[in-house]
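The exercises below are to be worked through with the structure open. Each has a task sentence and a solution in steps.

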Amino acid sequence: MIYKRSSALFAEAQKVIPGGVNSPVRAFKAVGGDPIFVKEAKGAYLYDEDGNTLIDYINSWGPMILGHAHPEVVQAVVDKAKKGTSFGMPTEIETEIASLAVSMVPNIDKIRFVNSGTEACMSAVRLARGYTGKDKIIKFAGCYHGHSDSFLIQAGSGAVTFGTPNSPGVTQGTAKDTLLARYNDLEHVKEIIAQHSGEIACIILEPVAGNMGCIPPAKGFLEGLRQLCDAHSILLVFDEVMTGFRLAKGGVQELLGVDADIVTFGKVIGGGLPVGAFGARNEIMDYLAPVGPVYQAGTLSGNPLAMAAGLAMLSTLNEHPEIFDSINQKTQYLHEGMAQVLSSNGVAHTINRIGSMISVHFSEKPVVNFASAAEAADGDAFKTFFHNMLKEGIYIAPSAYETWFICNALTQADLDKTIEACKMASKGI
Ligand code: KE4
């Protein structure tokens, strides 16, 4: 594989864009080397600026569940663009996609569209605070909800449960209202609730974590959070930006049968265009302006092109639920094949998988929370694996803390090529 043009483009980009990228993870900092610049993509394949063809397991970090440049999605955007690209006025298509999303997802009567997962999660927390009249939130170490100040928090000292900023620019005043818990540790959540009785507006989490690799909830964890929220008048916020419309039509609520109070979305719901959203039952959503007092707004929210892409995507998934079985089967095949070759190479590894979310960790210990994910990410094993897979034409996320995203355009040959690549890439790790 040669990347001369990508490297040259990266040098140019760094002159006018911080780090040469518009989102840090794209810069390959965690794995080293220059990032690959993509020229175009179709189906399961990326075509980079040096003429290489790569099998894509990032799929824009989740949205391209049908594969890149899916005909229905592309045509919907092209047709819509010819009629104008933005109005800042209500349009019928917003009602169409809202009605469809509400019909697909349990426990939401209304949905508000925004422009990113960050905006969806940020707005959901403001709504929870406004609805409950309480200030504090509980989030979990290792769960990522976007770059809003309230979420850029790391564990504080052991003595206190509130967090400290994990980025300059986030104030201690903000951090004090974010309490940090350990994922899959219900006792820890109970302790924090007891220490802050009556102060907590919501618990927000990825109901299946995807930002410390893929970590499914432990048996009873989500159900326990539901019970704690009911007992203490706390809202349960499922961040389904990654899992929504991927793990099932109705996301994790449907798949695992646990009810959230507010659900956030991103990625798939936009069909690859900038869309986030959050939904809840009427009594909560009607707290939002212009009906209620909680302010939230956006110039490009409900943008017609984005709505057209999202509607084409959701309609396809709604009309063809067999797609979910198909991507799950592809993921299971990949899991079994990679486990076999990693074991035959004598590589210590753990593979986490649920539905079409999968991650490979170079540790024999179970990866069940941020600490164990971090331990598995130690050392150069992942970095070596990443670059070796790239040499074999397989593009996985350039970070040990990310999840692989499977698209339905992957063929059996693609999967077999990936398993063979894994065999070559893991030699000597
Ligand atoms: P965005 O603001 O990036 O659209 O969504 C934030 C977000 C919220 N919630 C979850 C569960 C998420 O995974 C994300 C964003 N995911 C990352 C990938 N792990 C986006 C990639 C990036 O930051 O460039």
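**Exercise 1. The ligand shell**

Which of the 16 residues around the ligand come nearest? Then give the make-up of the shell by residue class and by domain.

Solution. The model is a predicted one.

Step 1. Ser-23, Thr-118, Asn-211, Asp-239 and Glu-402 come nearest to the ligand, out of 16 residues around it.

Step 2. Sorted by class, the shell holds five nonpolar, seven polar and four charged residues.

Step 3. Domain 1 (4-69 + 322-425) and domain 2 (71-319) each contribute at least three residues to the shell.

**Exercise 2. Polar contacts and burial of the ligand**

Find what lies opposite a nitrogen or oxygen atom of the ligand at Gly-117, Tyr-144 and Glu-402, and state how much of the ligand is buried by the protein.

Solution.

Step 1. Start with the backbone. Gly-117 places a backbone N or O atom 2.9 Å from a ligand oxygen. For Tyr-144, a backbone N or O atom is 3.2 Å from a nitrogen atom of the ligand.

Step 2. Turn to the side chain. Glu-402 has a polar side-chain atom 2.7 Å from a nitrogen atom of the ligand.

Step 3. The ligand exposes 540 Å² when taken alone, and 86% of that is buried by the protein.

**Exercise 3. Cavities**

How many cavities of 30 Å³ or more does a search of the whole structure find? Describe the lining of each.

Solution.

Step 1. The search gives two cavities at that cut-off.

Step 2. The largest cavity has a volume of about 40 Å³. Its lining consists of Val-360, His-361, Phe-362, Ala-376, Ala-377, Phe-382 and Ala-400. At least two lining residues come from strand E14 (357-361), and at least two from helix H12 (370-377). Six of the lining residues are nonpolar, one is polar and none is charged.

Step 3. The second largest cavity contains about 30 Å³ of space. Val-360, Phe-382, Ala-397, Ser-399, Ala-400, Glu-402 and Trp-404 line this second cavity. Here the division is five nonpolar, one polar and one charged.

Step 4. Compare the two lists. Val-360, Phe-382 and Ala-400 appear in both linings. Glu-402, in the lining of the second largest cavity, is also among the residues that come nearest the ligand.

**Exercise 4. The second largest pocket**

Which residues lie nearest the centre of the second largest pocket, and which elements give two or more residues to its lining?

Solution.

Step 1. The second largest pocket holds about 590 Å³ of space. Of its 30 lining residues, Glu-94, Ile-111, Arg-112, Phe-113 and Ser-301 lie nearest the centre.

Step 2. Helix H3 (92-104) and strand E4 (110-114) are the elements that supply two or more residues to this lining.

Step 3. By class, the pocket lining comprises 15 nonpolar, ten polar and five charged residues.

**Exercise 5. Backbone exceptions**

Where are Pro-290 and Phe-28 placed, and what is the backbone geometry at each?

Solution.

Step 1. Recall the usual case: most residues other than glycine have a negative phi, and most peptide bonds are trans.

Step 2. The bond from Ala-289 to Pro-290 is cis, with omega near 5°. Pro-290 sits in the loop between helix H9 (282-285) and helix H10 (304-319).

Step 3. Phe-28, although not a glycine, has a positive phi of about 70°. Phe-28 is in the loop between helix H1 (4-16) and strand E1 (38-42).

Note on methods: Residues numbered from 1 in each chain as written. Predicted model: local features only at pLDDT ≥ 70, side-chain atom pairs only at ≥ 80, totals over all residues. Heavy atoms only, no water. 1 Å grid on protein atoms, 1.4 Å probe; cavity = no way out; pocket = protein on both sides within 12 Å on 5 of 7 lines; lining within 4 Å. Points joined across faces, edges and corners; volume = space filled by probe spheres on them. Helix = DSSP H or I, 4+ residues; strand = E, 2+ residues; numbered from the N terminus. Nonpolar A, V, L, I, M, F, W, Y, C, P; charged D, E, K, R; others polar. Near = heavy atom within 4 Å. Polar contact = N/O pair within 3.5 Å; in protein donor to acceptor, adjacent residues only side chain to side chain. Areas by Shrake-Rupley, 256 points an atom, 1.4 Å probe, with all protein chains shown as cover. Domains from an automatic or database assignment.
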